[in-house]
Amino acid sequence: MPVLLTRNLGVTLADGERRFTLRVPELALEPGEAAGLTGASGTGKTMLLELLGLLRRPEAGGCLLVGTDAEARDLVPLWSARGGRSRLAAARGRLFGFVPQSGGLMPFLTVAQNVALGQRISGREDAARAAALIARLGLGPVAGLRPDRLSIGQRQRVSIARALAHGPRIVIADEPTAALDPEAAAEAMALLIGTAAATGAAVLVSSHDHDLLDRFALTRHRLVPEARDGHVVSTLRTGAEAAA
Ligand SMILES: Nc1ncnc2c1ncn2[C@@H]1O[C@H](COP(=O)(O)OP(=O)(O)OP(=O)(O)O)[C@@H](O)[C@H]1O
């Protein structure tokens with residue numbers, strides 16, 4: 001049973017002459033699955049990750065089910081329900097972990113404190129789990145340091161540990177390897193996918209690096225844009241259509 005399932009999710013943005021529509025006819029992520037999201041610059045990869053991660057409001061009419069079995073529910077109606085925003089924030093904190101492109105770490109906290117932060121925010125403090133992630137990601141020797149003392153690759157590993165520390169169902173990573181050299185990128189991707197799989201979390205990772213995605217044999221999803229009179233409509237293609 002998928003841990004995330006969408007149907008007919010969409011959003012349109014307009015400013016002046018510009019109009020951009022993102023369409024997601026269908027997307028499913030299974031527990032432990034690693035999926036890759038590709039698409040040229042400006043095709044809406046970040047927007048899609050924000051929609052799925054409950055950071056951006058989709059148009060009414062779509063459906064976004066997150067969780068498994070009894071806890072799975074359509075979260076789209078919460079955007080317009082009374083008190084819905086705080087329930088969305090709670091669901092976001094509990095169900096999702098985020099790995100941003102540049103780490104997004106708190107500069108005044110140590111590595112260990114950064115990793116524990118997601119747990120604190122979601123009310124799921126678990127020192128043993130945090131310590132295990134720090135060890136697995138090779139961060140033991142730098143656990144007491146602040147992020148500015150680390151390499152970019154180390155910071156990205158802290159970001160991966162932080163995203164997984166509270167036991168999310170889904171990890172959303174927006175170009176997590178873009179700032180890394182090829183070797184560090186491959187290492188970070190292996191750790192992200194391997195650690196998420198070990199915890200049963202699904203991962204959706206956007207990347208421009210097709211070779212890297214191929215190397216890790218991720219399920220592929222691709223955003224394909226079409227322009228009509230200045231209105232760009234970008235549609236998510238999955239499976240064989242994504243490879244075409
Ligand atoms: N207010 C707006 N009105 C119209 N179009 C917008 C608006 N805000 C953003 N856009 C467009 O939305 C599209 C999606 O942007 P997004 O950042 O999600 O793309 P991306 O695929 O992540 O790009 P990149 O790979 O360069 O990071 C872009 O083409 C952008 O120009």
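**Exercise 1. Packing of H3, H5 and H6**

At what angle do helix H3 (residues 111–121) and H5 pack, and how far apart are their axes? Classify the arrangement, and then treat the pair H5 and H6 in the predicted model likewise.

*Solution.*

1. H3 and H5 pack at an angle of about 30°, and their axes are 6 Å apart.
2. Angles under 35 degrees count as roughly parallel, so H3 is roughly parallel to H5.
3. The handedness of the H3 and H5 crossing is right-handed.
4. On the H3 side, the contact residues are Val111, Asn114, Val115, Leu117 and Gly118, which meet Val158, Ala161, Arg162 and Ala163 of H5.
5. For the second pair, the axes of H5 (residues 152–164) and H6 (residues 182–199) come within 10 Å and cross at roughly 15°. H5 is therefore roughly parallel to H6.
6. H5 also passes H6 in a right-handed crossing.
7. Gly153, Gln156, Arg157, Ile160 and Leu164 supply the H5 side of this contact. They meet residues of H6, among them Ala184, Leu191, Leu192 and Thr199.

**Exercise 2. Strand order and edges of the sheet**

Determine the strand order of the open sheet and explain which strands stand at the edges, then place H5 relative to the sheet strands.

*Solution.*

1. The sheet is open, has 10 strands and follows the order S5-S4-S1-S2-S10-S9-S3-S8-S7-S6, with mixed pairing.
2. S5 (73–74) and S6 (96–99) each have a single partner strand, so one side of each is left without a neighbour in the sheet and these two stand at the edges.
3. At the S5 edge, S4 and S5 run antiparallel and are joined by 2 bridges. Val66 has Arg73 in S5 as its bridge partner.
4. H5 lies across S6 and strand S7 (170–174), and runs at about 170° to S6.

**Exercise 3. The two partners of S9**

Compare how S9 pairs with S3 and with S10, naming a residue pair for each and describing the turn between S9 and S10.

*Solution.*

1. S3 (residues 34–38) pairs with S9 (residues 219–228) in the parallel sense, over 4 bridges. Thr38 stands opposite Arg222 of S9.
2. S9 and S10 (residues 231–238), by contrast, run antiparallel and are joined by 8 bridges. Here Val224 stands opposite Thr235 in S10.
3. S9 and S10 form a hairpin with 2 residues between the strands, in which Asp229 takes a positive phi near 50°.

**Exercise 4. H1 and the loop that follows**

Identify the buried residues of H1, state how they are arranged about the helix axis, and describe Leu54 and Leu55.

*Solution.*

1. In H1, Lys45, Leu48, Leu49, Leu51 and Leu52 are buried.
2. Viewed down the axis of H1, the buried residues fall within an arc of 155°, and they therefore line one face of the helix.
3. Just after H1, the backbone at Leu54 adopts a positive phi of about 65°.
4. Leu55 belongs to the loop between H1 (45–52) and strand S4 (63–66).
5. A buried residue needs 20 or more other C-beta atoms within 10 Å, and an exposed one has 12 or fewer. Leu55 has 16 C-beta neighbours inside 10 Å, so this residue counts as partly exposed.
6. Leu55 and Leu88 are separated by 33 residues in sequence, while their C-alpha atoms are 8.8 Å apart in space.

Methods
Residues are numbered from 1 along each chain as its sequence is written. This is a predicted model: local features need pLDDT of at least 70, side-chain atom pairs count only at pLDDT 80 or more; totals for chains, interfaces and linings use all residues. The arc is that of the directions from the helix axis to the C-beta atoms. Two strands pair if DSSP finds at least two bridges between them. Axes are lines fitted to C-alpha atoms, for helices over the stretch in contact, and angles run from 0 to 180 degrees between N-to-C directions. Angles under 35 degrees count as roughly parallel, over 145 as roughly antiparallel, 65 to 115 as roughly perpendicular and the rest as oblique. A crossing is left-handed if the near helix is turned anticlockwise from the far one by less than a right angle, and right-handed if clockwise. Two residues are in contact if their C-beta atoms, placed from the backbone, lie within 7 Å.
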